[in-house]
Amino acid sequence: MKTAMEIVRASRDPGRYKAKDYIDYLCKPFVEMHGDRAYSDDDTIIGGIGKLGPYSVMVIGQRKDKNYGMPNPEGYRKVLRLIAHANKFKLPVITIIDTPGAGCGIGAEERGQALTIAQCIYEFSRLEVPTLSVIIGEGGSGGALALSLTDEIWMLENSVYSILSPEGFASILWKDPSKKDEAAELMRLTSHNLMEDGFIERIIEEDGGEIYNLKNHIINFLEKSYSISIDKIMKKRYDKYRKIIGS
């Protein structure tokens with residue numbers, strides 16, 4: 001059994017498949033969409049319309065190979081544009097999460113980083129289509145939350161989902177980043193911790209071959225979602241996050 005910090009290291013492994021790899025695996029064809037229509041195109045966010053089995057879907061991912069997977073405000077504004085498009089044309093939204101957190105710096109704050117993250121959270125909460133997040137590596141802070149307020153959250157077994165890094169947690173709590181191993185255990189950031197605590201719905205095993213069935217799992221999720229009215233989907237989503245907030 002790996003320790004929490006060993007799983008953190010595994011989630012950061014440069015050799016892990018990236019969002020673009022998953023999009024290429026899931027969607028044939030995939031048509032990428034660019035730009036926020038306000039400032040620029042942030043290539044840390046990749047998104048567009050794809051064909052996943054019999055379904056047309058909007059897929060949005062965070063590219064760890066671009067700016068370390070840390071989107072700027074224009075990236076999140078692109079997300080807002082894409083999910084508005086998905087809502088208009090009734091396309092399910094699938095997000096692929098892999099970020100240590102949102103882009104930081106004076107420029108990002110001047111261009112409205114906090115506001116755009118908040119807007120993403122709000123808009124995801126009220127989408128009138130099925131939504132699913134898959135965390136493939138790091139799911140860090142508001143940078144991940146902006147794309148993961150979805151009907152279900154799935155995690156690869158060696159991925160993490162947390163409010164900040166163990167190093168940051170240890171620096172704040174003990175003023176000593178060397179205590180990151182202890183911090184990682186306390187944070188309960190692994191897939192198994194989060195499943196036990198009721199934050200996620202599925203763990204995708206990486207070593208047992210289940211990862212190769214991810215496409216079929218998503219198709220089954222969409223089939224199940226289309227058998228339920230959108231009112232029930234939205235009510236279930238609301239109840240899920242009210243429970244999390246209250247826990």
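## A serine in a loop

S40 lies in the loop between β1 (30-33) and β2; strands here are DSSP E runs of at least two residues and helices are H or I runs of at least four, numbered from the N terminus. This is a predicted model, where local features need pLDDT of at least 70 and side-chain atom pairs count only at pLDDT 80 or more, while totals for chains, interfaces and linings use all residues. Residues are numbered from 1 along each chain as its sequence is written, and side-chain values use heavy atoms, with hydrogens and water left out.

How exposed is S40? At 26% relative accessibility, S40 counts as partly exposed. The scale is simple: buried means under 20% relative accessible area, exposed means over 50%, and partly exposed is in between (1.4 Å probe, protein chains only). Setting aside neighbours within four places in sequence, S40 is in contact with G35 and E74, where contact means heavy atoms within 4.5 Å. S40 and P73 are 33 residues apart in sequence, yet their C-alpha atoms are 9.7 Å apart in space.

## Strands β1, β2 and β3

Start with β1 and β2: they run antiparallel and are joined by four bridges. Two strands pair if DSSP finds at least two bridges between them. F30 has G50 in β2 as its bridge partner. As for cover, six of the eight residues of β2 are buried, so the strand is mostly covered.

Next door in the pairing scheme, β2 (residues 45-52) and β3 also pair in the antiparallel sense, this time over eight bridges. Among the matches, G47 has I60 in β3 as its bridge partner, and I46 has G61 in β3. Two residues sit between the strands in the hairpin of β2 and β3, and G53 in that hairpin takes a positive phi near 60 degrees.

## β3 and its other partner

Why is β3 described as largely enclosed by the rest of the structure? Seven of the eight residues of β3 (residues 55-62) are buried, so that description follows. On to β4 (residues 93-99): β3 pairs with β4 in the parallel sense over four bridges. I60 turns up again here, standing opposite T95 in β4.

Between those two strands in the unit comes a helix: β3, helix α3 (residues 73-88) and β4 make a right-handed β-α-β unit. Right-handed means that, with the strands pointing away from the viewer, the path from the first strand over the helix to the second runs clockwise.

The loop between β3 and α3 holds Y68. With 64% relative accessibility, Y68 counts as exposed. Not counting residues up to four places away in sequence, Y68 touches R63 and P100. Y68 and P100 are 32 residues apart along the chain, with their C-alpha atoms separated by 7.9 Å.

## Helix α3

α3 has 16 residues and reaches 23 Å from its first C-alpha to its last, close to the 22 Å expected at 1.5 Å a residue. That expected span is 1.5 Å times one less than the number of residues. Buried residues in α3 include P73, E74, G75, Y76, L80 and I83. An α-helix has 3.6 residues a turn, so residues three or four places apart point the same way. After α3 comes K90, whose phi is positive, near 60 degrees.

R77 is another residue of helix α3. Which residues does R77 touch, not counting those up to four places away in sequence? The list is D36, A38, Y39, R111 and T116. With a relative accessible area of 19%, R77 is buried.

## Aromatic rings

For ring pairs, the rule takes Phe, Tyr and Trp (its six-membered ring) with centres within 6.5 Å; planes under 30 degrees apart count as stacked, over 60 as edge-to-face and the rest as tilted. The count by this rule comes to four aromatic pairs. One of them is Y17 with Y22, edge-to-face at 6.5 Å centre to centre and 90 degrees between the planes. Y17 counts as exposed at 56% relative accessibility, whereas Y22 counts as buried at 7%. F169 and W174 form an edge-to-face pair as well, at 6.4 Å centre to centre with 70 degrees between the planes. W174 counts as partly exposed at 25% relative accessibility.

There's a charge over a ring too: the charged end of R202 sits over the ring of W154, 4.9 Å from its centre. The test is NZ of Lys or CZ of Arg within 6 Å of the ring centre and within 35 degrees of the ring normal.
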